[in-house]
Amino acid sequence: MRPEVAPFAAESDLRKAKITGGKVFASDFRVKDIAQQLGWPDECAHALIIRTAFIDRPFVRLNVERLGPQNQPFRTITADTLAEHGLDNTAGTATGAGMLQLCPPNRVPQYLSQPLAILLFQDFLTFRRAAQELREDRGIVSYGTPTPIADERSTAELLTDWRLLIAPAILSTQHYLLSLSQHQLSSQFDHGHLRLEKDQFTRADVHDPVANAIYEELLKMAPGEFCIETTTFTQQVDPAFLEPETGLAGVQNGTLTMLVGTQAPYADLKDIRKAVAAGLDNPAIRDVKILSVDLGGGFGGRDKSPFVVQLAFAAALSDRPVRLAYDRFEQFQAGLKRHGSGVHTLISAKPDGSLDRALVHFVFEGGAELNLSTPVMQLGALHATGFYRFNKVSANGVVTRRPVPIVGSMRGFGIPQVVFNIETAIDKLATLKLNRDPIGVRRQNVLQYDSDPQKADRDIAGTPLCFHVANAEVCDRAAEHHLWKNRDEIRREGAARGLYCGVGFAGCMEAYGTSGDSQYAAVQLELDGQITVWSQSVDLGQGARRSLGKVAADTFRAPADVSLGNAEPFVSFAEQLIAKGTTYGHQATAASKTAFFHVHVLRQACDALIRLKIFPGIRELVNFDTSDEDLFDAWRSDGFHVGEGKPVSLSTIAAHLDRTSAPRFAIAHGYFSNGWSRATFMDGERSFTSFIDALGFAKEATCQATLVPTQGDPIFPPAHSAVGKTRVPRSAYAAGGHLVVVEIDPKSESLRVTAAVSFLDAGDAITATILHGQVEGGFQMGLAHALFEQLPPASGQDRFVNFDRYIVPRASDVIAIDLETVLLPLPEGGALNELQANIRHKGAGEITMTTVAPAIANAIAHALGHHDEDAWPSALPIRYKDLKIRSRPGA
Amino acid sequence: MLRKTTDVSLVINGQLHDLGDAPADMHLAHYLREVVGLTGTRIGCSIGECRACTVLVRHSPTEPPTTKQSCMISLRHVNGWEVTTIEGVAVGEQLHPIQDAILHHDAMQCGFCSAGFVLAGVVACEQMASLEGQDLDTVVEAVTGHNLCRCTGYARYRSAITQVVASYAKKKSSDTPSSISAHFGAAVSRDRFLSTEMPLRETLSSDIQDALRYVPLFDNPLLELIRLLRDAAEIEHSLLVQYLFAAFSIKTPQYAALAGWPSHRYGGRPLHVLGVAIEEMVHLDVVNNLLFALGVAPHLGRQQFPYEQEIYPFDFKLEALSLETIAKYVYVEASARAVDPDAQTNEEDKLFVERLYKVLGTTRPNRIGSLYHKIEAVLDQLRMRHPRLIDFGLWQRRLEEVREEGESEHFEFFRSLFDGTHPALPGLEVWDPANRDYPAFKLSVTSGLPLTGEPIPHHKHPALRHLGNLHYWIVCMLLDQSYRRGGRFHNAARRHMTGPLRSLATELARDGEGMPFDVLPSGYAPGADTLVNLQLTMSMLGEIAFAEKRFAAFLPFDYSSRCALETTQELRMTS
């Protein structure tokens with residue numbers, strides 16, 4: 001069996017289609033659009049998911065007959081139906097959590113909004129009318145007798161327990177403990193992974209008295225002269241991408257084909273195969289194929305969403321193709337959410353302003369365990385002390401499991417929650433305890449990178465920061481900005497108008513990528529001289545397609561088409577690598593990694609094709625031996641100006657390569673973990689060294705690529721220290737920050753941001769408008785998190801949430817804000833320093849939003865006169881009524 | 001009640017679409033996407049909030065177009081509309097300047113919202129071109145400001161659209177807006193007001209008069225019909241307000257399924273109070289549209305609560321949901337037979353009727369249902385005299401639907417609440433005021449009208465009551481205008497009702513206060529003619545803007561101050 005993910009629309013720029021009504025998103029497609037291609041019938045069934053509104057009573061049965069007689073489904077799928085047909089109800093759920101996609105009859109549902117059944121309807125109108133009746137609850141679900149359940153403990157109570165490291169054993173936890181003290185060194189990097197067992201810490205599974213002693217010492221911290229205590233809470237947030245999840249699926253000739261727009265089609269493919277037991281126990285489905293289309297927004301909320309598994313179940317048990325289309329109510333009810341949080345910190349400094357110790361405990365409010373809740377919490381832990389150097393740190397995170405809709409991946413991936421705390425805490429410490437300029441204190445204490453690991457500062461896991469991160473520059477640029485310099489004048493000027501005005505800053509560094517990133521890219525010179533690019537990335541609005549297309553077009557001086565979300569040609573190539581015994585994963589994640597990851601491997605593939613195939617082709621054509629560098633110099637948009645005659649165009653070279661059966665197609669694999677993989681390839685007599693580990697060529701994409709042999713084994717940077725033996729959690733970081741001006745009007749009881757500056761360490765822009773768009777969009781989402789968004793407390797039970805009550809910013813809330821962007825340049829060595837690939841771009845999609853909320857809180861504290869610790873708002877969203885106004889404006 | 005739309009046609013991107021048997025419960029966005037295949041109109045929320053589904057609607061060739069949220073508009077409301085979707089904006093490969101500008105500014109990211117922005121931008125261009133002296137930023141904000149984008153910071157969209165709209169302002173429209181287009185008016189013959197040779201009391205059979213216990217007041221069937229229809233309009237209006245009040249009193253999220261939500265409804269009887277209220281608005285539409293078809297002004301008036309109609313055996317007033325109020329709703333929606341103690345044949349129904357009268361404290365029979373029987377009978381008499389006056393078959397069907405919806409669907413719904421069998425209720429015991437799961441807040445009602453000469457006190461509750469009244473009054477004024485113009489302002493009226501009015505009423509309910517829904521003493525169409533009424537409606541929108549500013553500190557978080565601005569711009573474009 002060969003699973004396949006394939007693009008359905010492969011244009012280099014779909015923007016025009018988006019503004020003229022072209023079919024772009026999954027919700028635009030109907031069965032008839034693909035029926036001929038797939039051999040499907042023209043009509044499809046419409047699926048509707050019945051969800052539980054209770055978790056205190058068993059789901060007994062469905063009374064579908066209570067729907068109007070004209071609105072009856074032709075098929076009802078329950079957990080029992082899945083079992084009867086050998087489908088796997090656990091597919092797509094977290095391992096070991098015991099979760100099920102569909103709650104079986106006579107069981108108490110595991111979480112609010114858990115699916116109880118999938119109903120299939122003959123036609124659209126019947127489906128819509130039935131959906132209306134179901135939403136209005138005609139009692140088609142019979143429940144058993146309620147059993148009183150204990151009231152859910154508040155996050156504040158859970159945090160109180162967790163500060164004593166009390167939490168149910170079932171919950172995921174993460175502990176980082178770092179001590180730079182010469183007589184008491186301790187770090188994950190040097191000594192191994194830290195765990196708590198029977199109230200004692202172990203390192204690398206061995207009792208660690210040093211770690212325990214350090215923790216005991218930190219536990220003695222108390223608010224005082226140079227120590228500040230901060231407790232913050234952030235709210236659960238819906239990603240609110242504008243296109244509700246939608247897809248088409250059908251089985252034809254043993255192949256289940258799904259047309260969907262998801263952020264991780266490769267991970268989805270694995271879950272779908274498990275769900276339908278493809279190729280294993282299910283003779284009806286031997287193969288699974290995904291047609292990947294662009295997403296109408298994602299923000300992490302479509303990364304391993306259970307939606308695709310539900311659609312696969314429906315299609316596998318239908319006699320015709322199926323369309324599953326959530327509406328907004330369902331999307332709010334069932335879609336992934338960002339964790340709410342409670343964070344407690346104690347941080348201290350020495351009298352000279354240098355940060356000394358930090359003790360952090362935080363609780364993330366998880367939901368049903370069907371997504372990436374644990375990795376989100378773990379990344380939050382890694383960022384719990386921001387971009388600061390402390391001598392001794394203990395950060396302890398736990399993520400709860402609650403019977404509410406799925407909580408997991410969303411833009412920021414756990415970092416905004418902890419940064420809100422640490423960045424307001426630092427502001428308080430600097431202002432109230434040290435009586436210093438808050439940016440000055442930050443600048444004094446930010447982590448500094450150095451390509452020499454002995455000189456480099458270390459992140460909280462003890463990993464030396466050998467790669468570039470512009471923490472210091474962010475602080476410097478913010479400190480010298482006129483808004484910061486004039487902050488007291490801004491405050492005075494506001495007071496003269498009866499307003500509380502203030503300026504606040506917050507910064508952070510944020511890891512990009514995962515701890516091990518496997519990337520493929522392929523490129524082909526077409527016979528007409530144009531370029532085709534294949535990538536595993538997907539486009540969810542971040543401009544992946546255009547960025548990759550631009551890189552290829554700039555490289556080849558020719559138009560480039562980009563095909564995203566592909567399995568082929570990569571699956572075939574991966575099989576060859578697997579056969580060779582490679583151990584890294586081959587399923588690239590697709591979320592927000594275009595600039596640093598996908599672009600890098602594409603550039604290497606392009607470089608290989610040019611140097612090893614195109615340039616030799618030119619030399620054969622013109623019988624003119626010249627160096628690669630000279631050929632690059634001779635390359636114009638109309639071709640290569642070599643010799644006396646007409647320029648040699650790419651189409652001429654392509655024709656020559658085709659005629660001589662030489663490759664026009666190159667495919668490459670790179671792996672990033674603490675640095676890019678590297679290899680020297682031997683293509684005949686020619687050697688080619690590149691920061692990739694596998695390279696293949698083929699006559700064209702449809703042919704099997706031939707692996708290019710390497711001189712020795714590829715080199716993979718050490719993913720862990722020799723001593724600690726624990727994988728480096730992250731090594732590549734980008735820095736960022738926001739400077740924000742707020743205006744508080746006591747008359748209208750309103751709070752608004754009037755100006756902001758976004759500082760960003762993103763490297764060189766591939767397409768400037770795309771990068772600036774990320775900055776603007778990230779700011780809007782940060783503003784929404786800080787001042788707007790709030791889900792009803794009983795999310796999942798309240799199935800009527802929509803944009804009338806879930807308020808996100810509109811144009812008038814944002815455009816009046818004077819937003820300036822300050823891009824920080826990379827040094828000559830690029831993002832990774834001179835020993836590694838010279839990469840000029842960093843991941844920037846998430847850091848653009850992370851520091852908005854703490855910067856607003858710090859600006860509010862400034863506006864209110866830093867009167868006390870509670871001048872800083874401690875909970876999101878920030879509301880006027882929660883502000884502690886103690887004096888008149890300007891006082 | 002599932003209706004078939006047999007009398008609606010509209011133009012979509014230049015092509016006439018006769019809806020034929022298209023279902024009337026389908027909304028326009030689904031018709032475009034599922035029937036016509038124009039999937040470029042995207043649906044993001046289904047409640048008119050995100051505006052991804054925006055389409056351009058031209059009501060008259062002499063007026064600039066307006067935006068409509070196609071996910072909220074039933075097909076029955078689109079008759080005669082000229083709709084442009086995103087597929088119809090470009091001419092061949094020639095993009096509209098707004099499309100060009102959005103591309104040039106790289107305004108979109110994921111692009112799911114972009115079709116809505118394009119259509120809103122195109123409308124803003126035409127509106128800007130239609131009238132001199134408009135403020136550019138106000139027009140752009142009014143027409144495009146509510147469109148939601150989650151990816152971007154809006155700035156590129158705004159600058160792209162503003163730049164293009166500004167260029168349109170330089171062009172003076174050569175078309176002079178005319179008075180109201182004739183095709184919206186009903187073509188009725190002049191003799192409809194003349195006395196008839198055959199007095200109604202003689203031609204209406206004695207059997208019918210006996211059965212209905214009814215003697216016509218007038219011998220002219222048209223006069224009599226107008227009288228009855230205005231009675232019906234007052235009743236439906238009163239029910240609409242009462243049900244809205246009740247819906248806002250319900251505790252959420254515990255009873256959200258009972259309170260209801262503001263999306264377009266598909267088919268079937270509603271199972272929530274807001275759904276019933278919306279159907280009452282549809283009933284009000286039918287009655288007023290019939291009045292207008294007869295050449296008579298719509299009637300939005302009603303008496304101030306509480307008032308005692310001779311038709312009810314109890315005070316009719318604004319009350320939170322309770323067993324007593326539900327008993328009243330059961331009573332007013334029931335057919336005479338359904339609550340006639342002597343007509344019950346099984347034990348369950350007998351007990352129900354017994355309980356009902358016990359709670360009501362009366363045994364007087366219900367006459368509401370018979371009002372529509374009377375209207376149907378008189379309409380039939382009118383048909384005999386003037387068979388071509390209106391499409392009698394159509395109006396008879398619509399009136400039957402209204403009657404049946406009340407007597408069957410609404411009655412059954414309220415009876416299920418009264419019996420405690422509604423799926424959202426744990427049982428009858430929940431209506432015990434001491435029950436901890438009691439479904440509604442207890443609300444007190446204070447008039448939002450200040451004493452003569454007194455200002456609105458600068459406190460939260462008076463401020464919200466006043467602003468709520470303003471939105472209620474604007475709903476009534478818009479409906480009045482809308483009945484005269486083929487339903488073109490229904491979308492706007494509903495926007496005020498389910499947006500700001502809902503927000504204010506919900507906030508008041510949290511504090512134990514009810515929205516007063518005070519009657520506007522000056523009425524909802526006090527102008528001498530339609531254009532003056534339009535201007536007065538805009539003036540009322542101005543009152544909202546003033547009040548929003550004055551009482552900004554008290555506004556609920558989900559209150560949208562863009563609503564009045566948007567409606568003002570829409571009215572400004574109406575001639």
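Does Gly541(A) count as buried or exposed, and what is the relative accessibility behind that label? Keep in mind that we're looking at a predicted model here. Gly541(A) counts as buried because its relative accessibility is 11%, which falls under the 20% cut-off. On the chain, Gly541(A) sits in the loop that runs between β21 (531–535) and α17 (544–556) of chain A.

Now look at who surrounds that glycine. Leaving aside residues up to four places away in sequence, Gly541(A) touches Gln774(A), Gln109(B) and Cys110(B). So the list takes in residues of chain A and of chain B. Gln774(A) is 233 residues away from Gly541(A) along the chain, yet their C-alpha atoms are separated by 9.3 Å.

That brings us to the layout of chain A. The domain assignment splits chain A into domain 1 (4–147 + 245–325), domain 2 (156–237 + 338–418), domain 3 (470–513 + 728–882) and domain 4 (517–707). If you want a sense of spacing, the C-alpha centres of domain 1 of chain A and domain 3 of chain A lie 38 Å apart.

Next, the interface between the chains. Chain A puts 76 residues into the contact, and chain B puts in 69. The area buried between chain A and chain B comes to about 6300 Å², with carbon and sulfur atoms giving 57% of that. On the chain A side, Ile19(A), Leu242(A) and Arg810(A) lose the most area to chain B, and together they make up 13% of what that side buries.

The polar side of this interface is worth a tour too. Between chain A and chain B there are 12 salt bridges, and 32 residue pairs are in polar contact, both residues at pLDDT 80 or more. Several helices of chain A each supply at least two residues to the side that touches chain B: α1 (15–18), α4 (124–135), α10 (328–334), α22 (768–788) and α23 (811–814). The largest share, 12 residues, comes from α22(A). By class, that side of chain A divides into 29 nonpolar, 18 polar and 29 charged residues.

Let's zoom in on two of the pairs that cross over. Side chains of opposite charge can pair when their charged atoms come close. Arg30(A) forms a salt bridge with Glu34(B), with the closest N and O atoms 2.8 Å apart. This pair goes from Arg30(A), in the loop between α1 and α2 (31–38) of chain A, to Glu34(B), in helix α1 (residues 28–36) of chain B. Arg30(A) counts as buried because its relative accessibility is 10%, while Glu34(B) is partly exposed, with a relative accessible area of 22%.

The second crossing pair is Asp25(B) with Arg129(A), whose closest N and O atoms are 2.7 Å apart. Asp25(B) lies in the loop between β4 (22–23) and α1 of chain B, and Arg129(A) lies in helix α4 of chain A, so this pair joins two chains. Here Asp25(B) and Arg129(A) are both buried.

Within chain A, have a look at Glu217(A) and Arg357(A), a salt bridge with the closest N and O atoms 3.5 Å apart. It links distant parts of the chain: Glu217(A) is in helix α7 (residues 209–219) and Arg357(A) in strand β17 (residues 355–365), 140 residues apart. Glu217(A) is partly exposed at a relative accessible area of 25%, and Arg357(A) is partly exposed at 23%. Elsewhere in chain A, a network of salt bridges links Asp607(A), Arg611(A), Arg619(A), Asp625(A), Asp628(A), Glu629(A) and Arg686(A). Over all chains, the structure holds 76 salt bridges.

Finally, chain B. Its domain assignment gives domain 1 (1–178), domain 2 (212–433) and domain 3 (443–575). The C-alpha centres of domain 1 and domain 2 of chain B are 36 Å apart. Where these two domains of chain B meet, 16 residues of domain 1 are in contact with 17 residues of domain 2. About 1300 Å² is buried between them, 49% of it from carbon and sulfur atoms. The rule finds 0 salt bridges across this domain interface, and 0 residue pairs in polar contact with both at pLDDT 80 or more. Even so, the side of domain 1 of chain B that touches domain 2 has 6 nonpolar, 6 polar and 4 charged residues.

How values were computed
Residues numbered from 1 in each chain as written. Chains lettered and ligands numbered in written order. Predicted model: local features only at pLDDT ≥ 70, side-chain atom pairs only at ≥ 80, totals over all residues. Heavy atoms only, no water. Domains from an automatic or database assignment. Contact = heavy atoms within 4.5 Å. Buried area = accessible area lost by both parts, 1.4 Å probe. Salt bridge = Lys/Arg side-chain N within 4 Å of Asp/Glu carboxyl O. Polar contact = N/O pair within 3.5 Å; in protein donor to acceptor, adjacent residues only side chain to side chain. Nonpolar A, V, L, I, M, F, W, Y, C, P; charged D, E, K, R; others polar. Helix = DSSP H or I, 4+ residues; strand = E, 2+ residues; numbered from the N terminus. Buried < 20%, exposed > 50% of the residue type's maximum accessible area, 1.4 Å probe, protein only.
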